[in-house]
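Work through the following exercises with the sequence and the coordinates at hand. Each task is followed by a solution in steps.

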Amino acid sequence: MSKQPLSVVVTRRLPEVVEKRLTELFHVTLRADDTPMTRSELGEAMKTADILVPTVTDEIDAALIGQAGDRLKLIANYGAGVDHIDVMTARQRGILVSNTPGVLTEDTADMTMALILAVTRRMSEGMAQMQKGDWQGWAPTALLGGRVSGRRLGILGMGRIGQAVARRAAAFGMQVHYHNRRRLRSEIEESLGATYWESLDQMVARMDVMSINCPHTPSTFHLMNARRLKLMKPDAVIVNTSRGEVIDENALTRMLRAGELQGAGLDVYEHGTDINPRLRELTNVVLLPHMGSATLEGRVEMGEKVIINIKTFEDGHRPPDQVVPSML
């Protein structure tokens, strides 16, 4: 007797090639339009599916997991970050959680470097001038930015992405410094030319550029709080391509408005799409709509990882990218 195919619900539109492959392998319910599911839609999906494929826009908390049906056995997240999923509660309910690590490392590091250049060289101000038709021609003192070569870059979070940022920064002649939960092995530090700081406060106070590359966990929430932001030099800039919750966005906005920081480049925000309107008004910030992982190649590779996790689970084995609470 043939085994029934797994029932898989996908919460957002994915690249066409990924959706096609999922449909070939499993009994899949795809999202008709590219909007996030409502909470009630998520709840219904979790009652009927064997496997849920959510994204970062789906908040899957303990209450929602408590409503899940007995069939739900795997949450195969389409993305590396899982701070939107209550992994502990899922585990207690016997529901596995998997993610898609590693595939977006280079894309996110590229965007981090792009933001560093855009902020220090005042690119958004130049673009705005051109789009408004205000450019009056070249002038010796117009839109003077700063040279990145020789600047000190402080990387907060030296995982895969942090190390990829370090390699790019070194190629631009920047001095690489980092703070991490665990110090890297000496041979990795040497290959990156990176200096470790045990004290985040001391590092922050001495950097010209701060790059946020750590995940959002309870211990990293507002790690860059008002007190720590005030330690930064007034001519320093900060970029964030990781998770918005790591920075106190209101405190950052106040400092940027007061001229206590030179600028910021943000791809992620503390409250998702609800961005502080005062932050939007500033000319010394570059704001992007969570584009760090937005390459077709990366998104297809994410889908391939989701499929491998589901297929491995279907075959009775542990998904290769299973997430357990001790990893968070």
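Helices, of at least four residues, and strands, of at least two, are DSSP runs numbered from the N terminus. The model used here is predicted.

**Exercise 1. The annotated span**

Find which residues the UniProt domain annotation covers, and state the helix and strand content of residues 8-323.

Solution. Step 1: the unreviewed UniProt entry carries the annotation "domain: D-isomer specific 2-hydroxyacid dehydrogenase catalytic", which covers residues 8-323. Step 2: helix makes up 38% of this span and strand 14%. Step 3: between the C-alpha atoms at the two ends of the span, the separation is 19 Å.

**Exercise 2. The sheet of 7 strands**

Give the strand order of the open sheet of 7 strands and identify which strands stand at the edges.

Solution. Step 1: the order is E8-E7-E6-E9-E10-E11-E12, and the pairing is parallel. Step 2: E8 (194-196) and E12 (285-287) each have a single partner strand, so each has one side without a neighbour in the sheet and stands at an edge. Step 3: on average, and ignoring direction, neighbouring strands of this sheet are turned by 20° against each other. Step 4: take the pair E6 (residues 152-156) and E9 (residues 209-212), which is parallel and has 4 bridges. In this pair Ile 155 lies opposite Ser 211 of E9.

**Exercise 3. The sheet of 5 strands and its helix**

Do the same for the open sheet of 5 strands, then determine which of its strands helix H13 touches.

Solution. Step 1: the parallel strands are ordered E2-E1-E3-E4-E5. Step 2: the edges are held by E2 (27-29) and E5 (96-98); each has a single partner strand, so one side of each lacks a neighbour in the sheet. Step 3: the average turn between neighbouring strands of this sheet, direction ignored, is 20°. Step 4: E4 (residues 74-76) runs parallel to E5 and is joined to E5 by 3 bridges, with Ile 75 opposite Val 97 in E5. Step 5: H13 packs on this sheet and touches E1 (7-10), E3 (51-53), E4 and E5. The direction of H13 makes about 160° with that of E4.

**Exercise 4. Thr 312**

Locate Thr 312 and list its contacts beyond four places in sequence, with heavy atoms within 4.5 Å as the cut-off.

Solution. Step 1: Thr 312 belongs to helix H13, residues 296-314. Step 2: with neighbours within four places in sequence set aside, Thr 312 contacts His 317, Arg 318, Pro 319 and Pro 320. Step 3: for Thr 312 and Glu 44, the sequence separation is 268 residues and the C-alpha to C-alpha distance is 25 Å.

Technical notes: Residues are numbered from 1 along each chain as its sequence is written. This is a predicted model: local features need pLDDT of at least 70, side-chain atom pairs count only at pLDDT 80 or more; totals for chains, interfaces and linings use all residues. Side-chain values use heavy atoms; hydrogens and water are left out. UniProt positions are given in the numbering used here, feature names are shortened, and annotations may be inferred rather than shown by experiment. Two strands pair if DSSP finds at least two bridges between them. Axes are lines fitted to C-alpha atoms, for helices over the stretch in contact, and angles run from 0 to 180 degrees between N-to-C directions.
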